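Please read these notes with the structure open beside you. They go from the whole chain to a few helices and then to single residues.

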Amino acid sequence: MTITARWGFGVAWRSVIVGAGYIVASMVAGIVFGVLGLLPPVRDGAMVSLGWLVAASVLLGLFLGVLATRIAASFGQHLLIWTSVIFFNMGAVALEGAYFVPELVPIPIPLLAIQQFVAAGAAGLLITLLFTQRGQAADMAASLRRRPWVSWLWRIVLASASYLLFYLVFGALNYALVTGPYYASHAGGLTTPDALTVLRVELVRAPLLVLSIVPFVLAYRAPRRHLMLMTGLLLFWVGGVVPLVLQMGMLPLPLLLASAVEIFLQNFLTGIVAAALLWLPASNMDARLAQPSQS
């Protein structure tokens, strides 16, 4: 077996374990809520296909696992990075689903947030244990202190505003060209909330997406353009590909394909803007850590 084949096999089985951890943690949280009588009866069509759930969870572990191998950070930093990426992205998707596809998201929003946090924490822990290189790393807290909080705040606000702009433009275009009739016919349980509700939901989702990648941006040492590309792909994969795979078999394929294009334009471009705004040039400490050790 070649080195490439061994590496590919290693990534594959680790991704499966990460996906299994995400699924089991999510199910355990749901079972606990059910035992406590906190969940309403599950409606027909509200259950995600187990096969697609497994596929989506493995894809989640695959992309983040490979990305995690490229970051040198402490155990706690890795856990923060990957839990934040998964929780805020999947939580943002679940929040929108609760209003746009309520039949597929029957869990009350507070319980949904807890369930997503438990699942994200389990997956983040497994990614940290199975994929990461842990050792000497730059101090993320020190990186935060390199800018005053006001500077971080306006950058996060501006990046969030860029998502709202992309959502408005590409969402409206997609609705007019493709998805409008599906929403009008309530295909797959789709519901079109009123404009004010949509605005409220997206005003929450926008900063969640940006906050999801702040620890990643602080830890991923790369030139600005490379960071922008990877951050855009990260937001598209975790906030787009994975959730759409979860909905395979429940929503019409043309709707899913059109949504994939829309989400790519929204999330990928938001990642580009956010990384460009949040990127920090390498500090002296980063430069020393990047140099090979001298014997």
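1. A helix here is a DSSP run of H or I with at least four residues, and helices are numbered from the N terminus. In this sense Thr231 lies in helix H9, which covers residues 224-246. Please keep in mind throughout that the model is predicted.

2. Start with the overall make-up. The protein chain has 11 helices and two strands. In sequence order the pattern reads α-α-β-α-α-β-α-α-α-α-α-α-α.

3. Next comes the balance of inside and outside. Of the 295 residues in the protein chain, 48% are buried. The accessible surface of the chain is about 14400 Å², and carbon and sulfur atoms make up 72% of that surface.

4. Contacts in the protein chain can also be sorted by distance along the sequence. Among those with a separation of 6 or more, 86% join residues that are 24 or more positions apart.

5. Now take one pair of helices, H6 (residues 149-184) and H10 (residues 253-278). Their axes come within 9 Å and cross at roughly 165°. Angles over 145 degrees count as roughly antiparallel, and H6 and H10 are therefore roughly antiparallel to each other. Their crossing is right-handed. Sorted by class, the contact of H6 with H10 holds 20 nonpolar, eight polar and two charged residues.

6. Leu255 is a residue to look at in helix H10. Is Leu255 buried or exposed? Its relative accessibility is 3%, so Leu255 counts as buried. Once neighbours within four places in sequence are set aside, Leu255 is in contact with Thr179, Tyr182 and Leu190. Leu255 and Val178 also show how sequence and space can be read together: 77 residues separate them in sequence, while their C-alpha atoms are 7.2 Å apart.

7. A second pair is helix H3 (residues 75-100) with H9. The two pack at an angle of about 50°, and their axes are 10 Å apart. That angle makes H3 oblique to H9. H3 passes H9 in a right-handed crossing.

8. Which residues of H3 and H9 meet? From H3 they are Val85, Ile86, Asn89, Met90 and Val93. From H9 they are Leu234, Leu235, Val238, Gly239, Val242, Pro243 and Leu246. By class, the contact of H3 with H9 has 10 nonpolar residues, two polar and no charged.

9. Asn89 in helix H3 deserves its own point. Asn89 has a relative accessible area of 0%, so this residue is buried. Beyond residues up to four places away in sequence, Asn89 touches Ser84, Leu209, Ser212, Leu235, Val238 and Gly239. Among these, Leu235, Val238 and Gly239 also appear on the H9 side of the contact with H3.

10. Finally, go back to Thr231 in helix H9. Thr231 counts as buried because its relative accessibility is 0%. Leaving out residues up to four places away in sequence, Thr231 touches Ile213, Phe216, Val217, Gly271 and Ala275. How far apart in space are Thr231 and Val214? From C-alpha to C-alpha the distance is 9.9 Å, with their positions 17 residues apart in sequence.

Conventions. Residues are numbered from 1 along each chain as its sequence is written. This is a predicted model: local features need pLDDT of at least 70, side-chain atom pairs count only at pLDDT 80 or more; totals for chains, interfaces and linings use all residues. Side-chain values use heavy atoms; hydrogens and water are left out. Buried means under 20% relative accessible area, exposed over 50%, partly exposed in between (1.4 Å probe, protein chains only). Contact means heavy atoms within 4.5 Å. Accessible areas come from the Shrake-Rupley method with a 1.4 Å probe; for residues, only the protein chains shown count as cover. Axes are lines fitted to C-alpha atoms, for helices over the stretch in contact, and angles run from 0 to 180 degrees between N-to-C directions. Angles under 35 degrees count as roughly parallel, over 145 as roughly antiparallel, 65 to 115 as roughly perpendicular and the rest as oblique. A crossing is left-handed if the near helix is turned anticlockwise from the far one by less than a right angle, and right-handed if clockwise. Ala, Val, Leu, Ile, Met, Phe, Trp, Tyr, Cys and Pro count as nonpolar, Asp, Glu, Lys and Arg as charged, and the others, Gly among them, as polar.
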